[in-house]
Amino acid sequence: MSGIILDGKKLAREMEAQLAERVRGLLAQTGGKTPTLATVLVGDDPASAVYVRMKRNACRRIGMQSRRVELPQKTRTEELLEAIGRLNDDTDVHGILLQHPVPPQVDERRCFDAIRPDKDVDGVTCHGFGRMAMGEQAYGSATPAGIMRLLEHHGIRIEGRRAVVVGRSPILGKPMAMMLLNDHATVTICHSRTTHLPDIVRQADLVVGAVGKPQFIRGDWIAESAVVVDAGYHEGGIGDIELAGVIDRCAAYTPVPGGVGPMTIATLMAQTLTAAEAALFVGAT
Ligand code: NAP
């Protein structure tokens, strides 16, 4: 029997329809103040340019605005901090997306952390991560928050299950592990220095692939009836997990493409709109 398809594309479309409705409501109540996401792209990485364009297109689809900030490859940390500072101070900007990765000479962590907490709609600051990890209100990092939403939508039980997250990056693996832990999974985080990785993955009821290497997690590492979440995307439409051979014996899986990617964007949109509602309604009182 085939696993349930955790169709992120479909859920993202449904979310967008609801968000568009909320944007219309906000416009009506505020006399036309439009929720605005600032997208900051530094350098000339073609994949990053595509991701930013997809996020700007999503803003357009739901009636939000995006403000494009593009900085050259040679940008220094101080220059990026100044650009972020201007967006922090701009009351017409409700959320800030700094596209990862930035060029190597830039201190990415310092720049992420310069984003004002109430505009950290992509959930990249230490402050936001800390609050999320402690179970306090915060915008979660968009990709793992989107994954959690997708799992919840499909009624996937997290509590008590053994989850294995392969990858520990600040924007994906680490927050993913904390979100699963907050929902009472027993979580193991694996990384490049983990030994006996296949054996650990075999113990998982739920596997998240967040490695950044095409089909690195082999199909035969994955246990019967596991839930399989693949955050990777590589040329040729493959992810970080070898899905062929798994989809027939797993409980559920995210397709690539059309699983995690659309949920990341929809979550970023949702969090931007929430930030705009908070700013505009507080501003209106
Ligand atoms: P990243 O920053 O490069 O992190 C990769 C992680 O994988 C690191 O923690 C690394 O461990 C671990 N790793 C590398 N080699 C390993 C090995 N041999 N065994 C076990 N772990 C290993 O990547 P990322 O930004 O988290 O992204 C991961 C994947 O998700 C990529 O495919 C990316 O394209 C995708 N992604 C998708 C979205 C989306 O919206 N769909 C968003 C973000 C990322 P160390 O920490 O020890 O180096």
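**Notes on the ligand site, pocket and backbone**

1. Let's start at the ligand. Helix 9, spanning residues 260-284, gives the most to the shell around the ligand, contributing 3 residues. Please keep in mind while reading that this is a predicted model. In total, 23 residues surround the ligand, and the closest are Arg 168, Ser 169, His 191, Ser 192 and Thr 264. Sorted by class, that shell holds 10 nonpolar, 10 polar and 3 charged residues.

2. Which atoms of Ser 192, Ala 231 and Asp 240 sit beside ligand oxygens? For Ser 192, a polar side-chain atom lies 2.5 Å from an oxygen atom of the ligand. Asp 240 also uses a polar side-chain atom, placed 3.4 Å from an oxygen atom of the ligand. With Ala 231 the partner is a polar backbone atom, 3.4 Å from an oxygen atom of the ligand. As for cover, the ligand taken alone exposes 920 Å², and the protein buries 72% of that.

3. Now the largest pocket, which holds about 1,400 Å³ of space. Its lining comprises 49 residues, and those nearest the centre are Tyr 51, Ala 231, Tyr 233, Gly 261 and Thr 264. Two of these names will be familiar from the ligand: Thr 264 is among the residues closest to the ligand, and Ala 231 has the backbone contact with a ligand oxygen. By class, the pocket lining has 25 nonpolar, 15 polar and 9 charged residues.

4. Which helix supplies the largest share of that pocket lining? Helix 2 does, with 8 residues. At least two lining residues come from each of helix 1 (8-30), helix 2 (46-62), strand 4 (95-98), helix 6 (142-153) and helix 9.

5. There is also a cavity to mention. The count of cavities of 30 Å³ or more comes to 1, and the largest cavity has a volume of about 30 Å³. Its lining is made by Gly 123, Gly 128, Phe 129, Met 132, Tyr 139, Gly 140, Ser 141 and Pro 175. Helix 5 (residues 126-133) provides the largest share of this lining, 3 residues. The lining of the largest cavity has 4 nonpolar and 4 polar residues, with no charged ones.

6. Two cis peptide bonds may interest you if you plan to look at the backbone. One runs from His 100 to Pro 101, with omega near 0°, and Pro 101 is in the loop between strand 4 and helix 4 (108-113). Another joins Val 256 to Pro 257, with omega near -5°; Pro 257 lies in the loop between strand 9 (252-253) and helix 9.

7. Where do His 184 and Gln 215, with their positive phi values, sit? His 184, with phi near 75°, is in the loop between helix 7 (173-182) and strand 6 (186-190). Gln 215, with phi near 50°, is in the loop between strand 7 (206-209) and strand 8 (227-230). Neither residue is a glycine.

8. Finally, the overall picture. The protein's secondary structure comes to 9 helices and 9 strands. The radius of gyration is 19 Å, close to the 19 Å that the globule rule gives for 285 residues, so the protein is as compact as a globular protein of that length. Along the principal axes, the C-alpha atoms fill a box of roughly 55 × 40 × 35 Å.

Technical notes: Residues numbered from 1 in each chain as written. Predicted model: local features only at pLDDT ≥ 70, side-chain atom pairs only at ≥ 80, totals over all residues. Heavy atoms only, no water. 1 Å grid on protein atoms, 1.4 Å probe; cavity = no way out; pocket = protein on both sides within 12 Å on 5 of 7 lines; lining within 4 Å. Points joined across faces, edges and corners; volume = space filled by probe spheres on them. Helix = DSSP H or I, 4+ residues; strand = E, 2+ residues; numbered from the N terminus. Nonpolar A, V, L, I, M, F, W, Y, C, P; charged D, E, K, R; others polar. Near = heavy atom within 4 Å. Polar contact = N/O pair within 3.5 Å; in protein donor to acceptor, adjacent residues only side chain to side chain. Areas by Shrake-Rupley, 256 points an atom, 1.4 Å probe, with all protein chains shown as cover. Rg over C-alpha atoms; globule rule 2.2 N^0.38 Å.
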